[in-house]
Every structure is written in structure tokens, then in C-alpha cells.
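Please open the model in a viewer and keep the sequence panel visible. The tour proceeds by selections, from the whole chain to single residues.

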Amino acid sequence: MKTLARNPKNIGQAIRNGRRARKLTQKQLAECSGVWQETISKIENGVGDTKLETVFSLLAALDLEIQIQDRSKGSVADFEDIF
């Protein structure tokens, strides 16, 4: 799974896609990550104000990671069909 993320909403979509790809419910992800289901819902819906530690807990539970690179010239919309 490869996703371009430039804002909280994009991170939330990546977490949702990762969860769904693993056929997990929010409740199941909450149990294996230690993050409340309500918090997972907020993150997946792009609601800000989430601690970075919480995001990393979810990524670890989903066996995902973040890679940092120079910003590309295109917009997120330009890349949605590629990934």
C-alpha cells in the first residue's frame, strides 16, 4: 500500500485503507493498538488534534510506516488514481 499524505485527512484515509485491507473493524484495531475506537473514528475522518504517538500506535498495529521525502509537484488528487 502506497499513499501520498499531506494533511490529517490523508493520514486518516491511509489508516482506514490499511485497516480495511487487513479486514479489521475499528473495534479490532482499537484492541490491538491500545487506541480507543472513538479516536480511530476521528482520525479516519480527518479530525485534527491527534497526538503523533497515537498515529504511530495505529501504524504499528497495521504494520505500516511513514517515509519522509521531498514534496512532489503534483496535488494529492493527481496521485489518487496511481496508488
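Helices in this tour are DSSP runs of H or I with at least four residues, numbered from the N terminus. The model is a predicted one.

**Whole chain.** Begin with the entire chain in cartoon representation. The chain holds five helices and zero strands, and its pattern along the sequence reads α-α-α-α-α. Next, colour by relative accessibility: of the 83 residues, 28% are buried. A surface representation displays about 6200 Å² of exposed area, 48% of which is supplied by carbon and sulfur atoms. If a contact map is at hand, consider the contacts with a separation of 6 or more: 59% of them join residues 24 or more positions apart.

**Helices H2 and H4.** Select residues 26-33, which form H2, and residues 52-61, which form H4. The two helices pack with their axes 9 Å apart, at an angle of about 100°. Because angles of 65 to 115 degrees count as roughly perpendicular, H2 is classed as roughly perpendicular to H4. Now show side chains at the contact: H2 contributes Leu29, Cys32 and Ser33, while H4 contributes Ser57, Leu58 and Ala61. By residue class, this contact of H2 with H4 comprises four nonpolar residues, two polar residues and no charged ones.

**Arg19.** Move to helix H1, residues 8-21, and select Arg19 within this helix. Is Arg19 buried or exposed? Its relative accessibility is 8%, so Arg19 counts as buried, the cut-off for that class being under 20%. Display the polar contact next: the side chain of Arg19 reaches the backbone oxygen of Leu24 at 2.9 Å. Then expand the selection to the surroundings of Arg19. Apart from neighbours within four places in sequence, the residues in contact with Arg19 are Leu24, Thr25, Gln26, Leu29, Glu44 and Leu62. Leu29 in this list also belongs to the H2 side of the contact with H4.

**Asn45.** Finally, select Asn45, in the loop that lies between helix H3 (37-44) and H4. Asn45 has a relative accessible area of 49% and is therefore partly exposed. Which backbone atom lies 2.8 Å from a polar atom of the Asn45 side chain? The atom to pick is the backbone oxygen of Ser41. To end, draw a C-alpha to C-alpha distance between Asn45 and Ile11: the viewer should give 9.4 Å, for two residues 34 apart in sequence.

Note on methods:
Residues are numbered from 1 along each chain as its sequence is written. This is a predicted model: local features need pLDDT of at least 70, side-chain atom pairs count only at pLDDT 80 or more; totals for chains, interfaces and linings use all residues. Side-chain values use heavy atoms; hydrogens and water are left out. Axes are lines fitted to C-alpha atoms, for helices over the stretch in contact, and angles run from 0 to 180 degrees between N-to-C directions. Angles under 35 degrees count as roughly parallel, over 145 as roughly antiparallel, 65 to 115 as roughly perpendicular and the rest as oblique. Contact means heavy atoms within 4.5 Å. Ala, Val, Leu, Ile, Met, Phe, Trp, Tyr, Cys and Pro count as nonpolar, Asp, Glu, Lys and Arg as charged, and the others, Gly among them, as polar. Buried means under 20% relative accessible area, exposed over 50%, partly exposed in between (1.4 Å probe, protein chains only). A polar contact is a pair of N or O atoms within 3.5 Å; within protein, one must be able to donate a hydrogen and the other to accept it, and residues adjacent in sequence count only if both atoms are side-chain atoms. Accessible areas come from the Shrake-Rupley method with a 1.4 Å probe; for residues, only the protein chains shown count as cover.
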